[in-house]
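Reader: I'm new to this one. Could you show it to me and explain the words you use for it?

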Amino acid sequence: MILGISIVIFVLVEGILIFSIIRYRERPGMPNPFQNHGNLKLELIWTVIPTLVLFVILFFTIRGLLYVAPENEPAASASQPRMEVTAIGHQWWWEFYYPNYHVTTADTLEVPVNTTVHVKLFSNNVIHSFWVPALTGKTDVVPGHDNTKWFVAEKEGTYTGICAEYCGTQHANMRFNVKVVNNNDFQTWVSGQQQAATAPTDALAQKGAALFKNQCASCHGIVGVNLKQFYNTAQECTDLPGGKANGTPQCLIGPNLTHFGSRNLIAGGVLDNNTENGNCDPNNPKLKEQCNLAKWLNDPQGIKPGNDMNIGSLTNEQIQQLVAYLEGLK
């Protein structure tokens, strides 16, 4: 509607301008044009009409804002199934916690089609903004002021989401996906995500599991390894091995990795988890060049400067072990 109004005004104003340039251009011997300064009728017309047009545009603007970012559940979706998700903005990645299913994941929000999704927005660091352009409008994620939003995805597919509020040096690389699937696929996904991590049987992956416990477990959690259950890292804490000496619970800094191998994105969406074509086969001689997980483990600060991944230097053998273990967490 606003575009239509704008086109009509543009054509009208430009048409009058072009007509005036041609019809009233100066010609030899023409007298000075008649001066209309102080014509009250004309001044009222060109003040009142634009004002009325702006009020019409304001009406459609407010109606659009309420439609794409309602504070309450849309009335039209009341008859649809609904679900709740907490979206936590970190620096710089998104965590998604499903309180009704006790599932925690990162970088991809998986939802069933034709379902009213109630997203609770939370940040414990700086202001972020949750935006999935193809599905819903922007809503700020403000520390100390939890916001909420509602949306319904009517078609299956994968939609790109971003942070729309400058939040630091890697703001542009704070991406995520919304994966919309049918209800049966969603229930299958939930059932798989609720399971604890499977203990590795491969010798290389077993070494990777031991390396994870020694070097990664203070920042990342895996249910069945150093966590007893899924939880929301931003709002809940758990006692972790190697925690504070006085027994105070210590919160995780990085994403929960229980089912890392089933995810499509790495490092806040800056890399794809490209396991196809043997890219992440631990025995691949070009592992660090072809496997994005290996690239990330080798130089996380080079790929995403300023992030909280301070893993230190890893040998080629250690990278092989971690890739074998993490990509096996389906």
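Author: Here is a short chat about two helices and some cysteines. This is a predicted model, where local features need pLDDT of at least 70, side-chain atom pairs count only at pLDDT 80 or more, and totals for chains, interfaces and linings use all residues. Residues are numbered from 1 along each chain as its sequence is written, and side-chain values use heavy atoms, with hydrogens and water left out.

Reader: Why are H4 and H8 called roughly perpendicular to each other?

Author: Helix H4 (residues 203-215) and helix H8 (residues 316-326) pack at an angle of about 100°. Angles from 65 to 115 degrees count as roughly perpendicular (under 35 is roughly parallel, over 145 roughly antiparallel, the rest oblique), so H4 and H8 get that name.

Reader: How do you know that cysteine 280 and cysteine 291 form a disulfide?

Author: Their sulfur atoms are 2.1 Å apart, and a disulfide is a pair of cysteine sulfur atoms within 2.5 Å. So the pair passes, and the structure holds one disulfide.

Reader: What makes cysteine 280 buried?

Author: Its relative accessible area is 8%, and buried means under 20% (exposed is over 50%, partly exposed in between, with a 1.4 Å probe and protein chains only). Cysteine 291 counts as buried too, at 0%.

Reader: Why is cysteine 163 in no disulfide?

Author: The nearest cysteine sulfur, that of cysteine 167, is 3.9 Å away, so the cut-off isn't met. Cysteine 163 is buried, at 4%.

Reader: And what makes cysteine 219 partly exposed?

Author: Cysteine 219 has 25% relative accessibility, so it falls in the in-between class.

Note on methods
Axes fitted to C-alpha atoms, helices over the stretch in contact; angles between N-to-C directions. Helix = DSSP H or I, 4+ residues; strand = E, 2+ residues; numbered from the N terminus.
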